[in-house]
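Let us take a friendly walk through a protein chain. Please have the picture ready, and turn it as you read.

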Amino acid sequence: MIIEIKKSIKPVKYDVAIKLLEKRLLDINSNKKGNLIWVLEHEEIYTAGTNYKEEEILNKDINLIKTNRGGKITYHGPGQLICYFVIDLKKRKKDIRKFITLIEKTIIESLFEFNIKSFGDPKNIGIWVNDKANIKKVAAIGLRVSKWIAYHGFALNINNDLTKYQNIIPCGISGKDVTNLKTINDQNYNILSDVIVENFTKNLES
């Protein structure tokens with residue numbers, strides 16, 4: 001599987017990123033281009049997936065963009081690693097649940113390389129960690145599938161401002177907190193994006 005890897009150094013506006021993903025979706029459908037993995041960081045924004053509810057917005061003054069991915073409301077901003085993709089599932093098994101499991105495996109394997117144990121939850125999509133007997137979310141996953149091409153991606157909290165989540169009910173899950181990697185283990189995560197890309201491409205090719 002040929003996969004283009006794209007990395008953006010400067011923050012990318014959310015709407016600009018989504019337009020690029022949707023353009024790649026059309027290009028893959030017409031066989032003009034291949035699969036894409038894109039690592040970036042967003043400027044501060046809240047996004048609402050197709051399943052969100054108004055009562056999950058606790059602060060009505062936030063800058064919220066409605067998007068066509070699945071899931072509910074989440075926050076993006078500095079200190080967070082965004083991994084977008086446009087992957088043609090027609091050339092793989094047409095199994096969305098299996099693809100989500102592959103994404104979860106990628107994140108779990110990558111964090112393990114930094115001595116962080118994480119896990120998925122069958123009831124609540126995303127990646128979680130145990131923090132002093134409390135289960136907290138460290139990565140959110142949201143995707144959409146069009147004509148068996150999966151796009152959007154996942155967000156992994158590294159050193160972002162966790163107070164921003166107080167404005168929403170993150171991913172519609174009450175009673176469970178959100179954390180970041182620096183809080184779990186204050187170490188250097190500069191190569192994490194490279195590790196994510198390496199594990200993601202390896203899992204896609206297996």
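This report goes from the confidence of the model to its sheet, its largest pocket and its salt bridges.

**How sure is the model?**

What you see is a predicted model. The mean pLDDT of the protein chain is 94, and 100% of its residues reach 70 or more. Where is confidence lowest, and where is it highest? It is lowest in strand 8 (residues 127-131), with a mean of 92, and highest in strand 2 (residues 35-40), with 98.

**The sheet**

Now look for an open sheet of 7 strands. Going across it, the strands come in the order 1-2-6-10-9-8-7, and their pairing is mixed. Which strands stand at the edges? They are strand 1 and strand 7 (119-120). Each of these has a single partner strand, so one side of each is left without a neighbour in the sheet.

Strand 10 (residues 149-157) is a good place to pause. In the order of the sheet, strand 10 is written between strand 6 and strand 9. Strand 6 (residues 80-88) and strand 10 run antiparallel and are joined by 9 bridges. Two of the pairs are easy to find in the picture: Val-86 stands opposite Tyr-151 of strand 10, and Gln-80 has Asn-157 of strand 10 as its bridge partner. On the other side, 8 bridges join strand 10 to strand 9 (residues 134-146), and this pair is antiparallel too. Here Ala-139 has Leu-156 of strand 10 as its bridge partner.

Strand 9 and strand 10 form a hairpin, with 2 residues between the strands. In this hairpin, Lys-147 takes a positive phi near 50 degrees. Is strand 10 mostly covered or mostly open? It is mostly covered, since 9 of its 9 residues are buried. As you follow a strand, keep a general rule in mind: in a regular strand the side chains alternate between the two faces of the sheet.

**The largest pocket**

The largest pocket has a volume of about 400 Å³. Its lining is made up of 17 residues, and those nearest its centre are Val-39, Glu-41, Leu-81, Asn-190 and Ser-193. Which elements give two or more residues to this lining? They are strand 2 and strand 6.

Ser-193 deserves a closer look. You will find Ser-193 in helix 4. With a relative accessible area of 17%, Ser-193 lies under the 20% cut-off and therefore counts as buried. Leaving aside neighbours within four places in sequence, Ser-193 is in contact with Lys-7, Val-39 and Leu-81. Val-39 and Leu-81 are also among the residues nearest the centre of the largest pocket.

**Salt bridges**

Side chains of opposite charge can pair when their charged atoms come close. How many salt bridges does the structure hold? It holds 13, and the table shows some of them.

| Acidic residue | Basic residue | Closest N and O atoms |
|---|---|---|
| Glu-4 | Arg-24 | 2.5 Å |
| Glu-56 | Lys-72 | 3.0 Å |
| Glu-109 | Lys-202 | 3.5 Å |

Start with Glu-4 and Arg-24, which form a salt bridge. Glu-4 lies in strand 1 (residues 3-7) and Arg-24 in helix 1 (residues 14-29), so the pair ties together parts that are 20 residues apart in sequence. Glu-4 is partly exposed, at 39% relative accessibility, whereas Arg-24 is buried, at 7%.

Next come Glu-56 and Lys-72, also joined by a salt bridge. This pair links distant parts of the chain, 16 residues apart. Glu-56 sits in the loop between strand 3 (45-48) and strand 4 (64-66), and Lys-72 in the loop between strand 4 and strand 5 (73-76). Glu-56 is buried, with a relative accessibility of 5%, while Lys-72 is partly exposed, with 21%.

The last pair in the table is Glu-109 and Lys-202. Glu-109 belongs to helix 2 (residues 96-112) and Lys-202 to helix 4 (residues 192-205), and the two residues are 93 apart in sequence. Glu-109 is partly exposed, with a relative accessible area of 23%, and Lys-202 is partly exposed as well, at 43%. Which residues are linked in a network of salt bridges here? They are Lys-105, Glu-109 and Lys-202.

Methods: Residues numbered from 1 in each chain as written. Predicted model: local features only at pLDDT ≥ 70, side-chain atom pairs only at ≥ 80, totals over all residues. Heavy atoms only, no water. Salt bridge = Lys/Arg side-chain N within 4 Å of Asp/Glu carboxyl O. Helix = DSSP H or I, 4+ residues; strand = E, 2+ residues; numbered from the N terminus. Buried < 20%, exposed > 50% of the residue type's maximum accessible area, 1.4 Å probe, protein only. pLDDT = per-residue confidence, 0-100. Contact = heavy atoms within 4.5 Å. Pairing = 2+ DSSP bridges. 1 Å grid on protein atoms, 1.4 Å probe; cavity = no way out; pocket = protein on both sides within 12 Å on 5 of 7 lines; lining within 4 Å. Points joined across faces, edges and corners; volume = space filled by probe spheres on them.
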